[in-house]
Amino acid sequence: MSFPGSANVHAAAEAGAAAGVFVDLHTHTRHSDGLLAPAELLRLADNKGLRAIAITDHDCADGIPEAVAAGQEIGVEVIPGVELSCSGAKSEIHILGYFIDPNSEALAAALTQFRAWRRQRARAMVERLNGQGVPLEFERVTAVAGDTAIGRPHIAQALFELGVVDSFQGAFTKYLKRGGPAFVAKQMITPEAAIELIHDAGGLAVVAHPTYGPTPGELRSLIGHGLDGIEVWHPLLDAEDTSAFTEIAREYRILTTGGSDFHGAGRSHCELGGMHVAYEYLERMHEHSNGSLSPPLRER
Ligand code: AMP
Ligand code: FE
Ligand code: FE
Ligand code: ZN
C-alpha cells in the first residue's frame, strides 16, 4: 500500500540522526485498530532497535499492562498513552495522552463511555450498509474487533472477509470514508475536555497529525487551554508541515513529538520506528512531565 508524505521520513531521520537512539511515540495494538498484540508490538520494537515506544490506542488503555510487562522483559521503555478522537470545526481532532495513569478512575470511565459510543456508531454504520443491500451482520464486526475500541477498520475487515469488497482499503473508498454512503460520525468530546481528562490522569496532551485536525485558530486556542505539545513528525505531514508546526511549538514553548502511527503490516503509513524520532524528544517529555522544564509561555 502506498501513502502520501513518506518523503518526510528523511527530514525526521535527520532530526534524530545525531543522537542515534530512536523512539516511536504513536502506535496502535489490537486493543483498538492495530493488528498486533501489545507484546508482539514490543518484540517488533526491539527488533527495530527502538529504545522506547508509546502505546497510543484509540480510546483505550487496556493494552498498557501487557505492553509494560513485555517492555520490562525485553528492555524497551513503554510510555503509557492513548489517542482520543475529538470533535473539531473542520474535522476530528486527535489528542494523544502520554504518561497517563491507566488506573485513573475518571479516565477509565471516560474511555468506557467512548467505546460505548463507538459500538453504537458501528451498529449504525452496519444498519446503513444493510439499507444499501450489504448483508453484513453486526456480529461479524464484533468477531473481528473483539472487546476493543471498535472502529471503521474492523468494519472494513469484516466487509473484506464477506467478499463485499476486494480489499480492506476498498471498503473505505466505497463505503466508509468520511462522507461515504455508510459513514456515520462518532459521538465525541471536545479537544479541550480531552486535554483536561489527560491532565487529570497525570498525562501530557499532544495534538496528533495536526494537518488533519485543528484549524490554525483551533490549534492556538488548544495551546491556550494547556496543550503540551504538537506531533510534528508523522507520515501524513510533509517537510513543510513539520517546519511550520515546529515553529509554532517553539513560539509557544511547547513540546514536539513524533511517531509512525503504526497499525500493523500493510495497514500503516510507514513501518514501526520509521519516523526516526530521537530519544532526546522523549527526554524533553519526561522533563516536562516532571515539571523540571521552565513553564511554557502560556503560564506566564
Ligand atoms: P474511526 O476512528 O472508527 O473513524 O476509524 C479511523 C481509523 O480508520 C483511523 O485511525 C485509521 O486507522 C483508519 N482509516 C481512516 N481512514 C482510512 C482510509 N481512508 N483508509 C484506510 N484506513 C483508514
Ligand atoms: Fe487508527
Ligand atoms: Fe489519529
Ligand atoms: Zn493513531
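Student: Which residues line the largest cavity?
Tutor: In this predicted model, the lining is made of D59, S85, F114, W117, R118, K186, Q187, M188 and I189.

Student: How much space lies in there?
Tutor: The largest cavity holds about 50 Å³. A search of the whole structure turns up 1 cavity of 30 Å³ or more.

Student: Which helix gives the largest share of that lining?
Tutor: That's helix α4, residues 105-131, with 3 residues.

Student: And what classes of residue are in the lining?
Tutor: A mix: 4 nonpolar, 2 polar and 3 charged residues.

Student: D59 and R118 were both in that list. How do their side chains meet?
Tutor: They form a salt bridge, with 2.8 Å from N to O. D59 lies in the loop between β2 (52-55) and α3 (64-74), while R118 is in helix α4, so the pair ties together parts that are 59 residues apart in sequence.

Student: Are those two buried or exposed?
Tutor: Both D59 and R118 are buried.

Student: OK, how many salt bridges are there in the whole structure?
Tutor: The search finds 7. One of them joins the side chains of E92 and R178, at 3.7 Å from N to O. That pair links distant parts of the chain: E92 is in the loop between β3 and β4, R178 is in the loop between α7 and α8 (191-200), and they are 86 residues apart.

Student: Why does E92 count as buried?
Tutor: Because its relative accessibility is 11%, and buried means under 20%. R178 has 48%, so R178 counts as partly exposed.

Student: Which residues are in a network of salt bridges?
Tutor: E92, R178 and K186 are linked that way. You've met K186 already, in the lining of the largest cavity.

Student: Got another salt bridge for me, say the one with R220?
Tutor: Sure, the side chain of R220 meets that of E251, at 3.4 Å from N to O. Here R220 sits in helix α9 and E251 in helix α10 (residues 239-252), with the two 31 residues apart. R220 is partly exposed at 33% relative accessibility, and E251 is partly exposed too, with a relative accessible area of 42%.

Student: Switching topic: the metals. What coordinates the iron ion (ligand 2)?
Tutor: Three residues do: D33 through OD, H58 through NE2 and H263 through NE2, at 2.2 Å. Along the sequence, these donors are spaced D-x24-H-x204-H. D33 and H263 link distant parts of the chain, 230 residues apart: D33 is in the loop between β1 (22-24) and α2 (38-47), and H263 is in the loop between β7 (255-258) and β8 (277-278).

Student: So are D33 and H263 buried or exposed?
Tutor: D33 is buried, with a relative accessible area of 12%. H263 is buried as well, at 13%.

Student: What about the iron ion (ligand 3), what coordinates that?
Tutor: That iron is held by E83 (OE), H94 (ND1) and H209 (NE2), at 2.0 to 2.3 Å. H94 lies in strand β4 (residues 93-98) and H209 in the loop between β5 (204-207) and α9 (216-224), so that pair ties together parts that are 115 residues apart in sequence. H94 and H209 are buried.

Student: How far apart are the two iron ions, ligand 3 and ligand 2?
Tutor: They are 5.9 Å apart.

Student: Now pockets. What volume does the largest pocket have?
Tutor: About 1,100 Å³. The pocket is lined by 35 residues, and H94, R152, F172, L236 and H269 lie nearest its centre. The elements giving two or more residues to that lining are β3 (77-86), α4, α6 (152-162) and α7 (168-176).

Student: Hey, H94 again! Which element gives the largest share of the pocket lining?
Tutor: α7 does, with 4 residues. By class, the pocket lining has 10 nonpolar, 14 polar and 11 charged residues.

Student: Last one: how many residues are in the largest nonpolar core?
Tutor: It has 53, and the ones with the most contacts inside it are L84, I95, Y98, I230 and L282. α4 gives the most to this core, 5 residues. There's also a second, separate core of 22 residues, including V134, L159, V165 and V184.

Technical notes. Residues are numbered from 1 along each chain as its sequence is written. Chains are lettered from A and ligands numbered from 1 in the order in which they are written. This is a predicted model: local features need pLDDT of at least 70, side-chain atom pairs count only at pLDDT 80 or more; totals for chains, interfaces and linings use all residues. Side-chain values use heavy atoms; hydrogens and water are left out. On a 1 Å grid over the protein atoms alone, a cavity is a set of points where a 1.4 Å probe fits but cannot get out, and a pocket is an open set with protein on both sides within 12 Å along at least five of seven lines; lining residues have an atom within 4 Å of a point. Grid points are joined across faces, edges and corners, and a volume is the space filled by probe spheres set on the points. Ala, Val, Leu, Ile, Met, Phe, Trp, Tyr, Cys and Pro count as nonpolar, Asp, Glu, Lys and Arg as charged, and the others, Gly among them, as polar. Donors are N, O and S atoms within 2.8 Å of the metal (3.2 Å for Na, K and Ca); water is not among the atoms, so sites may look incomplete. Buried means under 20% relative accessible area, exposed over 50%, partly exposed in between (1.4 Å probe, protein chains only). A nonpolar core is a set of buried Ala, Val, Leu, Ile, Met, Phe, Trp, Tyr and Cys residues joined through side-chain atoms within 4.5 Å. A salt bridge is a side-chain nitrogen of Lys or Arg within 4 Å of a carboxyl oxygen of Asp or Glu.
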